[in-house]
Protein chains: 2
Amino acid sequence: MNNTTASLIVIGSELTRGIISDKHGQLVSRELTKLGYHISQIVAIPDDGTIEQILHALLKSNDVIIITGGLGPTSDDMTRQAISDVAGRKLVKNEAAYSRLYKRVGERIHGANEKQAYFPEGFETILNPNGTAEGFYGYAGNTLLISLPGPPREMEPMFRTNVIPLLSSLTGHEYKPRLEYSTFLIAEAKLEELTNDVDSSISWGTRFQDYRISLYAEGDEAECERDMGELQNRCGKELIVPGDVTALSALTSYLRENGLTIATAESCTGGLCAMLLTEEAGSSVYFNGSVVSYAPAVKEGVLGVKNETINTFGTVSTQCAIEMAEGALKKTNSDYAFSITGVAGPDKSEGKDVGTVCFGFAGKNRESECVMLKFTSWGRASIRRKSATAAFLLARCFIEHKENLIDITSRWHYI
Amino acid sequence: MNNTTASLIVIGSELTRGIISDKHGQLVSRELTKLGYHISQIVAIPDDGTIEQILHALLKSNDVIIITGGLGPTSDDMTRQAISDVAGRKLVKNEAAYSRLYKRVGERIHGANEKQAYFPEGFETILNPNGTAEGFYGYAGNTLLISLPGPPREMEPMFRTNVIPLLSSLTGHEYKPRLEYSTFLIAEAKLEELTNDVDSSISWGTRFQDYRISLYAEGDEAECERDMGELQNRCGKELIVPGDVTALSALTSYLRENGLTIATAESCTGGLCAMLLTEEAGSSVYFNGSVVSYAPAVKEGVLGVKNETINTFGTVSTQCAIEMAEGALKKTNSDYAFSITGVAGPDKSEGKDVGTVCFGFAGKNRESECVMLKFTSWGRASIRRKSATAAFLLARCFIEHKENLIDITSRWHYI
């Protein structure tokens with residue numbers, strides 16, 4: 001069986017009235033996707049009985065339908081009856097479930113709760129360790145219907161303990177891990193174009209995040225790796241790396257493992273790199289500090305950039321970047337330092353285009369290096385984020401010292 | 001018209017694959033419920049073209065359908081075509097939208113982006129201040145279709161600014177303008193408790209954001225204001241202010257209007273304040289720079305904090321905070337400077353509890369001030385955000401110089 005189709009119906013007027021937000025959609029779709037299912041719909045509907053109509057509509061095109069909610073004892077909880085009608089099975093009392101329920105609620109069972117011991121004939125029950133509503137599953141035609149209670153603290157353990165194993169055993173799907181890659185600095189549209197171009201028989205999915213785009217590949221592992229190599233050749237291998245990593249974590253894990261310290265001198269990023277470098281607890285092990293030299297006078301006064309350098313080359317120059325990095329290295333007494341000075345926009349500065357960013361790298365007993373990059377993106381926030389990402393990637397390259405940064409960045413395309 | 005029926009379709013394979021969770025369902029259903037709509041379905045579907053089939057199914061039973069996602073330039077973004085097919089209107093180029101797009105992306109328009117200037121004939125466009133995908137709306141039979149981009153930072157402002165007024169005007173439902181207040185440093189649960197307590201006949205809603213919680217009050221204006229005064233008395237009036245403002249904007253607008261410059265010296269916030277102060281274009285007018293003095297040696301070496309101060313009082317002390325602020329003032333030659341040094345956690349430091357944060361404020365020809373705050377929140381990110389917010393609020397108070405900062409903060413409760 002391939003790409004078995006599944007849908008999720010989430011029932012609750014508190015959802016369609018916007019009082020709470022759905023918690024099940026992401027969990028169910030993520031786990032079913034891992035099992036190889038294709039999720040065709042996630043539908044939230046009110047407690048008003050529309051469940052039956054939706055079930056009919058989805059039965060035709062789904063192999064599995066998971067329904068959450070509507071199993072409580074109150075009158076607006078109508079899932080039990082709807083499933084029984086759709087499956088053409090009458091509701092019958094399950095004695096074992098009845099005694100479990102009795103054990104839990106005692107005499108209160110002789111009221112609304114009693115119907116929680118009734119299930120469509122021939123359906124199996126799913127134990128609920130955290131509530132009175134047991135789940136149940138069975139077939140309506142060829143479609144497997146699985147009904148679970150709505151509250152996440154009841155639903156989630158039942159889903160994990162019972163439903164996931166049920167679905168993998170019933171369908172014979174094996175848990176298919178996806179290959180994940182982290183990509184940096186390349187715009188989503190460009191990445192899609194490139195993957196479409198390269199793609200042989202593997203399928204791609206992307207996930208846009210602030211500092212990277214994750215690329216998921218599915219298909220034959222050897223083909224994936226071959227295609228990924230091709231992509232790396234086109235874009236620059238530092239910009240597409242296997243696994244779930246960030247440019248920041250690649251740098252900080254290296255610093256931590258090697259007992260090294262770093263500092264930054266920032267202009268257009270305004271402290272963004274320092275802020276990111278200190279997000280993690282214990283970052284004082286590798287991070288000493290930063291000089292955010294926004295005004296030229298601070299570049300000179302605090303970092304010791306020469307007035308002549310600024311007058312001759314401007315603040316957005318590789319010359320200024322190198323002096324900034326060397327100043328930060330010295331002032332903070334760190335093993336390494338990097339600097340960023342560029343035009344974040346929205347307007348040109350010193351005759352340089354928006355997106356022009358210079359980076360300087362300095363280290364104890366090392367010759368400093370610098371590069372100038374030209375980002376195609378627009379918008380201050382985007383250029384600042386890209387600058388920080390590039391700085392982290394290049395700082396790690398600089399510290400590893402295998403290749404000149406200018407050679408590395410000459411292979412970076414589509415940034 | 002009463003109880004007009006509406007549905008929401010959220011498009012994105014990243015949703016049905018469980019990579020991200022839906023952000024629009026709750027917002028749309030909450031706001032439409034307030035306008036008197038009955039939400040019949042919230043449906044999430046993949047980017048695979050099923051949108052057309054779902055649209056056909058929902059047209060019959062809905063007066064309004066809002067569709068988010070699928071407006072991007074890549075090939076899996078098919079909403080535009082599906083709506084055009086369902087409405088029986090061909091896609092035509094909108095010249096005004098084309099020139100807006102050209103202005104934004106330039107020559108890159110001659111690729112995938114160009115189709116973002118095409119809309120179903122006769123449909124109106126909805127401006128998108130934060131991206132290239134404009135929205136659009138028009139009728140398919142008697143059903144109003146409204147199409148918006150998927151990313152929340154693009155969709156939400158468009159929904160609030162354009163869609164809510166459109167829906168209230170078109171259906172004759174009264175749109176009740178809500179009074180908006182911005183609140184700082186108070187946890188959401190506490191705020192809800194306080195508003196429930198104070199509430200007479202007005203209704204409250206909150207919107208949680210990174211650096212504030214917006215509080216929306218509905219009801220008689222005089223009653224709202226009286227209740228708000230009561231809330232301010234309980235929490236501290238600087239922490240609940242009318243309108244849509246941030247602590248940052250309150251400070252930077254004041255600096256800009258008065259031609260003043262500022263600098264920061266940051267320890268536990270690691271550059272967060274500097275990063276925020278430079279988010280806006282043109283921030284070099286008021287921001288000179290920052291020294292992120294994470295290591296004690298940088299506090300001494302760059303900011304000139306006395307070794308004796310650190311040895312006697314520790315780095316998390318009001319004494320150290322004042323010397324940091326004075327150092328930043330002098331080094332950057334600014335009109336004002338503030339400093340932050342505290343325990344962001346997860347562990348105690350220098351015997352001080354997590355959440356203990358000291359702030360220093362210095363100005364030219366002004367006596368420095370300092371305060372120590374104890375935040376109840378846990379987690380590094382939360383303490384860093386709260387510290388930045390408090391620093392911005394207090395910096396403005398310090399510059400205005402109406403009251404001592406210690407007196408002001410003595411009235412701050414529930415932070």
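## A walk through a predicted two-chain model

Let us start inside: in the largest nonpolar core, which has 119 residues, F338(A) and F338(B) touch the most other members. A nonpolar core here is a set of buried Ala, Val, Leu, Ile, Met, Phe, Trp, Tyr and Cys residues joined through side-chain atoms within 4.5 Å. Buried means under 20% relative accessible area, exposed means over 50%, and partly exposed lies in between, with a 1.4 Å probe and protein chains only. A second, separate core holds 46 residues, among them I54(B), I65(B), A87(B) and F119(B).

Some notes on reading this model will help. It is predicted, so local features need pLDDT of at least 70 and side-chain atom pairs count only at pLDDT 80 or more, while totals for chains, interfaces and linings use all residues. Residues are numbered from 1 along each chain as its sequence is written, chains are lettered from A and ligands numbered from 1 in the order in which they are written, and side-chain values use heavy atoms, with hydrogens and water left out.

Now stay with F338(A) and look at its ring. A pair of aromatic rings is described by the distance of the centres and the angle of the planes. Rings of Phe, Tyr and Trp (its six-membered ring) pair if their centres lie within 6.5 Å; planes under 30 degrees apart count as stacked, over 60 as edge-to-face and the rest as tilted. Over all chains, the structure holds 14 aromatic pairs. Why is the pair of F338(A) and F361(A) called tilted? Their planes stand at 35°, with the ring centres 6.3 Å apart, so the pair is tilted. This pair links distant parts of the chain, 23 residues apart: F338(A) is in strand β15 (residues 336-342) and F361(A) is in strand β16 (residues 356-363), both of chain A. Helices (H or I, at least four residues) and strands (E, at least two) are DSSP runs, numbered from the N terminus. Both F338(A) and F361(A) are buried.

These two rings have company, since Y336(A), F338(A), F361(A), F392(A) and F398(A) form one aromatic cluster. F398(A) also meets a charge: the charged end of R366(A) sits over its ring, 4.0 Å from the centre. A charge sits over a ring if NZ of Lys or CZ of Arg is within 6 Å of the ring centre and within 35 degrees of the ring normal. In chain B, R366(B) lies over the face of F398(B), at 3.9 Å from the ring centre.

The loop between β15 and β16 of chain A contains P346(A). The peptide bond from G345(A) to P346(A) is cis, with omega near 10°. In chain B, a cis peptide bond joins G345(B) and P346(B), with omega about 10°, and P346(B) is in the loop between β15 (336-342) and β16 (356-363) of that chain.

Next come the charges. Side chains of opposite charge can pair when their charged atoms come close. A salt bridge is a side-chain nitrogen of Lys or Arg within 4 Å of a carboxyl oxygen of Asp or Glu, and by this rule the count comes to 34 over all chains. In one of them, E31(A) pairs with R30(A), the closest N and O atoms being 3.6 Å apart. Is E31(A) buried or exposed? With a relative accessible area of 11%, E31(A) is buried, whereas R30(A) is partly exposed at 29%. In chain B, R30(B) forms a salt bridge with E31(B), again with the closest N and O atoms 3.6 Å apart. There, R30(B) is partly exposed, with a relative accessible area of 24%, and E31(B) counts as buried at 5%. Elsewhere in chain A, K237(A), E238(A), E403(A) and R411(A) are linked in a network of salt bridges.

Finally, visit helix α5 (residues 95-105) of chain A, where the buried residues are A97(A), Y98(A), L101(A) and V105(A). They cover an arc of only 100° around the axis, which puts them on the same side of α5(A); the arc is that of the directions from the helix axis to the C-beta atoms. An α-helix has 3.6 residues a turn, so residues three or four places apart point the same way. On the other side of α5(A), E95(A) and K103(A) are exposed.
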